[in-house]
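Me: I have a structure open and have not looked at it before. Can you walk me through it?

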Amino acid sequence: MAIVLHNSLTRRKEPLVTVQPGKVGMYVCGVTVYDRSHLGHAKSAINFDLIVRWLRYRGYEVKHVTNFTDVDDKIIARANEMGIDPLMLSSDMIREYERDMHKLKVKKADVYPKASETMPEIIAMVKGLVDKGFAYESHESVYFSVKKAVEYGKLSGQSLDQMVAGARIEVDEEKHDPMDFALWKAAKPGEIAWDSPWGKGRPGWHIECSAMCLKHIGPTVDIHGGGTDLVFPHHENEILQSEAYNGKQFTKYWMHNGMLTIGEEKMSKSLKNFFTIQDILAKYKPEVVRFFVLNATYSAPLVFDEDSLEESRKALEKLNNAYDAALSTLDKAKGDDDASRLCDEAWKKVEERLDDDFSSREAIATMFDFARETNRLIGDSRLSKKGAENVVQTFDRFNSIFDVLIKERQTFVTVPESAGTRDEVTVVRTGLSLDNVTKEELADDGRVKVWVEERSRARKTKDFAYADQIRKRLAELGIEIQDTKEGAGWKRK
RNA sequence: GCCGGGGUGACAGAGCGGCCAUGUGGCGGACUGCAGAUCCGCAUACAGGAGUUCAAAUCUCCUCCCCGGCCCCA
């Protein structure tokens, strides 16, 4: 019953015990908005979307906060190139992000704080850190002094000595220690800047998250999420700042999602090997993208390629077919199995698996078993009306968490075979011409029905060549015909 | 160099002491005029070596490979 989750901080699975019983304060690092979001960002958002949904399903009152970094070097650089205001660029990109997320059916966070709108809190925190002796001012910038930190590297396992030994650290005469990091950066001439006790400037990267967590959740957040690429230094530094400032544990459970990779390489904006969410959605349905992401372990890297997406498409189709089958059985079920045991057991298993570190992939595997059982019941006409309802309800429940099935999709419409005489067939045929059928004409369901009937008549008279021609032609025009026990059926693809 | 994660059948990818993962693909069968959908069945597994155990893909040790992080990043 209790939820168990993998904590990156302790590197083991732990039962979820929140600061306040029944409530979860959750902060997930959002994006730096200087460009359109890519599929990697979608993965992160979808992974945490499932986690939030599951926590809520389990009765937790979740406050989900995701930030937008709308002030940073890259945004400023890009905006300068374009000759526009940095905040203009970032607000445009935020709008794009929101649109993408909406399409991907990612539930909105409760708060989307922006760095630019959190300045008073950021400055207060920086000032507090200086006052407490954890930070120092240097040339109108403020740096966090890593030497003052009690527990450096508790999340990433990095130690200061090794870091320095590993070199590749730029020398900066403004810093007392090469590993010190900026809390506040003095503005360069012409840059966007805010007033502060140290002069005009803007926040360092890490401080905004610390300030936002404190402002919107409190000194201790229950779950803090983000990509594995943020573990060091971003999350490590957040811990240093927040714990120095608040004197309390900053995050109870750290959760890190694995990177989306292209081949062996991480998909990233800087490597320029990315597909934007919009690129992908032009070719694949949002449900397929969600399925692709959720049919993997959130914490592991996920390799992206078109073949995998295609495989996801097919697999999801299979699941949706079973759902469709159950839906269309609702009003014609005549068996006596109410499937209650099947449904109860399947759903119980889904719950167990999601309770265990949100194992969405395992839950999906359960649903495939469930789909197979469902298909068998329907195939043997054993499902009762109540049974069909139960099955549909189970799929609905699953879908309320995963959002990958499409309910109102076009299901197969069966056209009863009317035994036409040879004469009738001839008459009808004279009015129909395969060569002239158009897509527009077939937009009319009645017209499609005429063709399906026509094909059925042809089959009846063993004119299979003609029947196959009809099926082929209609398929080209987006109408799929399948023969079932109840007669020929069709749907739009 | 340091920190972390891995090596499972054709492929993707779970499991992490004994029990069918699951999906895609392949093969055979049922149903079909054919196709599709669906069902049934089959095959190819746990990197290598040593050890612990009644029992190991799962625990221990060693070896060999791979990936991510250490500037920005979800």
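Reply: What follows is a short tour of this predicted model, starting with the whole chain and moving to single residues.

Me: What helices and strands does chain A have, how many of each?
Reply: Chain A has 16 helices and 16 strands.

Me: What does the C-alpha trace span?
Reply: Along its principal axes, the C-alpha trace of chain A spans about 95 × 55 × 35 Å.

Me: And how much of chain A counts as buried?
Reply: Of its 493 residues, 50% count as buried. The accessible surface of chain A is about 23,400 Å², and 49% of that belongs to carbon and sulfur atoms.

Me: What about contacts between residues at least 6 apart in sequence?
Reply: In chain A, 77% of those contacts join residues at least 24 apart.

Me: OK, the RNA. How many residues surround RNA strand B?
Reply: There are 56 residues around RNA strand B, and the closest are Ser156, Trp205, Gly227, Lys266 and Glu362. Of the strand B atoms that come within 4 Å of the protein, 63% belong to sugar and phosphate.

Me: What kinds of residue make up the surface near RNA strand B?
Reply: That surface divides into 15 nonpolar, 19 polar and 22 charged residues.

Me: Which element gives the largest share?
Reply: Helix α12, residues 360-379, with eight residues of the surface near RNA strand B.

Me: Which residues have atoms close to a base nitrogen of RNA strand B?
Reply: Met267 is one of them: a backbone N or O atom of Met267 lies 2.7 Å from a base nitrogen. Glu311 has a polar side-chain atom 2.8 Å from a base nitrogen of the strand.

Me: And what lies 3.2 Å from a base oxygen?
Reply: A polar side-chain atom of Arg459 lies at that distance from a base oxygen of RNA strand B.

Me: Change of topic. Where is Glu208?
Reply: Glu208 is in helix α6, which runs over residues 205-216.

Me: Is Glu208 buried or exposed, and why?
Reply: Glu208 counts as buried because its relative accessible area is 2%, and the cut-off for buried is under 20%.

Me: What is Glu208 in contact with?
Reply: Leaving aside neighbours within four places in sequence, Glu208 is in contact with Asn67, Phe68, Thr69, Ala115 and Ile122. The side chains of Glu208 and Thr69 are also joined by a polar contact of 3.2 Å.

Me: How far is Glu208 from Asp435?
Reply: The two are 227 residues apart in sequence, and 65 Å apart in space, C-alpha to C-alpha.

Me: Back to α6. How many of its residues are buried?
Reply: Helix α6 is mostly covered, with nine of its 12 residues buried. Among the buried ones are His206, Cys209, Met212 and Cys213.

Me: And what comes just after α6?
Reply: Gly218, which takes a positive phi of about 140°.

Me: You named cysteines. How many disulfides are there?
Reply: The count is zero disulfides. Cys29 is in none, and its nearest cysteine sulfur, that of Cys209, is 4.0 Å away. Cys29 is buried, at 9% relative accessible area.

Me: Why is there no bond for Cys213?
Reply: Because the closest cysteine sulfur, in Cys209, is 6.5 Å from the sulfur of Cys213, which is too far for a bond. The cut-off used is 2.5 Å. Cys213 is buried as well, at 0% relative accessibility.

Me: Where is Asn257?
Reply: Asn257 is in strand β10, residues 251-257. Asn257 is buried at 2% relative accessibility. Leaving aside neighbours within four places in sequence, its contacts include Lys43, Ser44, Gly226, Gly227 and Tyr298.

Me: Now the backbone. Which peptide bond is cis?
Reply: The one from Phe232 to Pro233, with omega near 0°. Pro233 lies in helix α7, residues 231-246.

Me: Which residues other than glycine have a positive phi?
Reply: Glu140 is one of them, with phi near 70°, and Asp357 has phi near 55°. Glu140 lies in the loop between β5 and β6, while Asp357 is in the loop between α11 and α12.

Me: Is each of them buried or partly exposed?
Reply: Glu140 is partly exposed at 45% relative accessibility, whereas Asp357 is buried at 11%.

Key. Residues are numbered from 1 along each chain as its sequence is written. Chains are lettered from A and ligands numbered from 1 in the order in which they are written. This is a predicted model: local features need pLDDT of at least 70, side-chain atom pairs count only at pLDDT 80 or more; totals for chains, interfaces and linings use all residues. Side-chain values use heavy atoms; hydrogens and water are left out. Helices (H or I, at least four residues) and strands (E, at least two) are DSSP runs, numbered from the N terminus. Buried means under 20% relative accessible area, exposed over 50%, partly exposed in between (1.4 Å probe, protein chains only). Contact means heavy atoms within 4.5 Å. A polar contact is a pair of N or O atoms within 3.5 Å; within protein, one must be able to donate a hydrogen and the other to accept it, and residues adjacent in sequence count only if both atoms are side-chain atoms. A residue is near a molecule or strand if one of its heavy atoms lies within 4 Å of it. Ala, Val, Leu, Ile, Met, Phe, Trp, Tyr, Cys and Pro count as nonpolar, Asp, Glu, Lys and Arg as charged, and the others, Gly among them, as polar. Accessible areas come from the Shrake-Rupley method with a 1.4 Å probe; for residues, only the protein chains shown count as cover.
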